[in-house]
Amino acid sequence: SGRLRPEHKGRYWIAVSLAEAETLRRVLHVRMTRAVLPDKKVDLALHLSQSGQEMGRILDASAGWREGKTGASPHETAVSHGCFRFFDGDMHYLPPTLTKLVRVLQKAHAHDRELFFQTTVNARRRIERKWQETPLSTLFTVSDEWMALKQRAQAAFVRHAVKAKNLSPWEAFIAFDADNNSRLAPSELYGALRWLQVPELTAEDVVDFFELADHNRDGMIEYSEYMTLMEVPGEKSGQHFDGEEEDNEDEEEEEEGGARKEPPPKIEPYGADELREILVRRRRSELERQKEEQARRTVQQQELDLKTYRQELLASAEREGGSNPKILLPGRDAEVLKQFGIAHEYRLVEFSFGSNQHPLRTFVSGKCRYQPVLIGDVRKHLEPMQCPGKHPLQAGDYWSQCFQCKDYGQMVRGCSVNWSCVSYCCSRCYRAHEEEQVKERSDPVGKKTALVCDAGCELTLQVPPVSSAEDAGQPVDKMAEGQFAVTV
């Protein structure tokens with residue numbers, strides 16, 4: 001019916017950046033009492049969602065919002081701000097907000113919630129904190145809202161049963177800790193719950209209750225986790241991490257009264273083997289689920305990667321030079337395959353490095369470089385230097401002025417075709433002319449190139465899938481047949 005959780009249709013909660021919020025606030029100030037959008041019934045408010053604030057704070061709002069016509073219900077506000085804080089990596093929530101988060105995210109598995117949150121937190125530049133020691137750990141251990149309700153009811157029963165036994169939380173913990181190691185094992189918790197006479201208690205219930213309390217997932221309930229379990233939701237935290245100090249105060253009061261309170265008797269553990277079997281079974285089931293989920297994600301990622309690769313090939317086919325790598329198929333490219341000496345049942349994938357760039361999906365680790373494909377040394381067959389009259393300069397020994405640098409001295413080249421040119425060149429300028437030609441020949445841009453890899457360099461090529469009818473011109477079901485030949 002929506003009476004407990006009222007929601008309004010047409011209401012949207014959107015996370016915006018600081019710049020976007022400043023722009024929206026300027027629009028609100030400009031519009032003043034007028035509508036935000038002409039001829040549209042639109043009102044908006046800017047909320048500030050901060051860590052530690054469960055409901056957020058309104059920074060600014062349109063006129064219609066201020067008049068109370070579009071005010072959000074407390075449930076909607078709490079859910080939206082709780083979700084935004086979860087996306088922001090916040091770890092401290094009040095129990096009501098945690099309950100709403102569990103209800104909103106119950107369709108996602110607890111492990112998926114944890115994986116998403118951990119990935120988000122790792123991408124933020126913040127001081128590293130352990131969520132296992134914060135109230136957020138409940139979100140990653142409780143599967144749905146009914147499980148959360150059941151565990152809260154069990155915790156409330158335990159609190160009242162301990163109080164009915166005239167025991168403080170610390171005294172109850174001492175009684176439950178049969179081996180005096182300051183931690184509660186699953187069997188010790190089972191014995192304690194049986195001693196407190198929890199109705200309709202089963203081993204499965206004990207394991208559920210144990211997983212709720214074990215925030216850091218070390219297989220034991222520490223005193224701090226136990227005190228968190230014993231707190232009343234909504235009340236101020238009353239955790240006592242220093243139990244010895246509390247005992248000392250009690251002893252001093254008892255000594256002043258002239259009587260010493262006897263320590264509570266130890267509660268015998270129960271059902272260790274049965275609980276171990278349940279925990280192992282659940283652990284195996286969780287590992288199998290994670291394995292299946294990982295396999296499903298791997299297949300999904302591979303399919304997405306292949307689809308992206310096909311789109312990249314189609315896009316590269318429209319560029320100058322065609323696709324690289326290029327797929328040659330029997331029938332369509334029979335003549336080309338015949339030139340390579342490839343049998344008709346093979347498909348050829350040609351990777352070309354002659355255009356001064358890597359083929360698609362080429363991964364190189366180590367040092368490599370492209371260089372033009374030349375015959376012999378780059379210094380062979382260099383073009384001779386020419387005089388201003390376009391005559392080649394001949395070798396000789398002259399004493400004159402260089403027509404390039406204008407310096408006087410020993411010249412090594414001169415124009416002998418037409419003495420009217422009277423052009424000479426020094427050795428420095430002539431070497432510079434040769435080096436310029438060597439540099440131009442060594443530049444791979446615009447030339448047929450080859451990839452030269454240094455020692456230790458690794459080259460990985462991804463063979464493209466031939467399963468696209470646009471690439472092959474054949475039905476897709478026939479594309480998976482046959483074999484491949486790769487040429488580089």
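Which residue stands opposite Arg413 in S11? In this predicted model, the residue that faces Arg413 across the strand pairing is Cys425 in S11, and the sheet to which this strand belongs is a convenient place to begin before turning to the rest of the chain.

The sheet is an open one of three strands in the order S9-S10-S11, with antiparallel pairing. Strands S9 and S11 stand at its edges with a single partner strand each, so one side of each is left without a neighbour in the sheet. From one strand to the next, the twist averages 45°. Strand S9, residues 394-401, is joined to strand S10, residues 408-414, by six bridges, and within this pairing Tyr398 stands opposite Met411 in S10. The two strands form a hairpin with six residues between them, and in the turn Lys406 has a positive phi of about 70°. On the other side of the pairing scheme, three bridges join S10 to strand S11, residues 424-426, where Met411 stands opposite Cys426. Helix H14, residues 427-442, packs on the sheet and touches S10 and S11, its direction making about 85° with that of S11.

Cys426 leads to the matter of cysteine pairing. The structure holds zero disulfides. For Cys426, the closest cysteine sulfur is that of Cys429, and because the two sulfurs are 3.5 Å apart, they are too far from each other for a bond, the cut-off for a disulfide being 2.5 Å. Cys426 has a relative accessible area of 8% and is therefore buried; Cys83, with a relative accessible area of 14%, is buried as well.

Elsewhere in the chain, helix H9, residues 203-213, is mostly covered, since nine of its 11 residues are buried. Among the buried residues of H9 are Val206, Val207, Phe209, Phe210 and Leu212, and also Asp205 and Asp208. The cover over the buried residues of this helix includes helices H6, H8, H10 and H12 together with strands S3 and S4.

Aromatic rings offer another view of how parts of the chain meet, and the structure holds 12 aromatic pairs. In one of them, the rings of Trp170 and Tyr223 have their centres 5.0 Å apart and their planes at 90°, so the pair is edge-to-face. This pair links distant parts of the chain, with Trp170 in helix H7 and Tyr223 in helix H10, 53 residues apart, and both residues are buried. In another pair, the rings of Tyr190 and Tyr270 have their centres 5.0 Å apart and their planes at 80°, so this pair is edge-to-face too. Here Tyr190 lies in helix H8 and Tyr270 in the loop between helix H11 and H12, 80 residues apart. Tyr190 counts as buried because its relative accessibility is 6%, whereas Tyr270, with a relative accessible area of 37%, is partly exposed. Ring pairs also link Phe86, Phe87, Phe116, Phe117 and Phe140 into a cluster.

The chain as a whole gives the setting for these details. Its secondary structure comes to 16 helices and 14 strands, and buried residues make up 33% of its 488 residues. Of the contacts with a separation of 6 or more, 64% are between residues 24 or more positions apart. The chain exposes about 31,500 Å², of which carbon and sulfur atoms supply 52%.

Note on methods. Residues are numbered from 1 along each chain as its sequence is written. This is a predicted model: local features need pLDDT of at least 70, side-chain atom pairs count only at pLDDT 80 or more; totals for chains, interfaces and linings use all residues. Side-chain values use heavy atoms; hydrogens and water are left out. Two strands pair if DSSP finds at least two bridges between them. Helices (H or I, at least four residues) and strands (E, at least two) are DSSP runs, numbered from the N terminus. Buried means under 20% relative accessible area, exposed over 50%, partly exposed in between (1.4 Å probe, protein chains only). Contact means heavy atoms within 4.5 Å. Accessible areas come from the Shrake-Rupley method with a 1.4 Å probe; for residues, only the protein chains shown count as cover. Axes are lines fitted to C-alpha atoms, for helices over the stretch in contact, and angles run from 0 to 180 degrees between N-to-C directions. Rings of Phe, Tyr and Trp (its six-membered ring) pair if their centres lie within 6.5 Å; planes under 30 degrees apart count as stacked, over 60 as edge-to-face and the rest as tilted.
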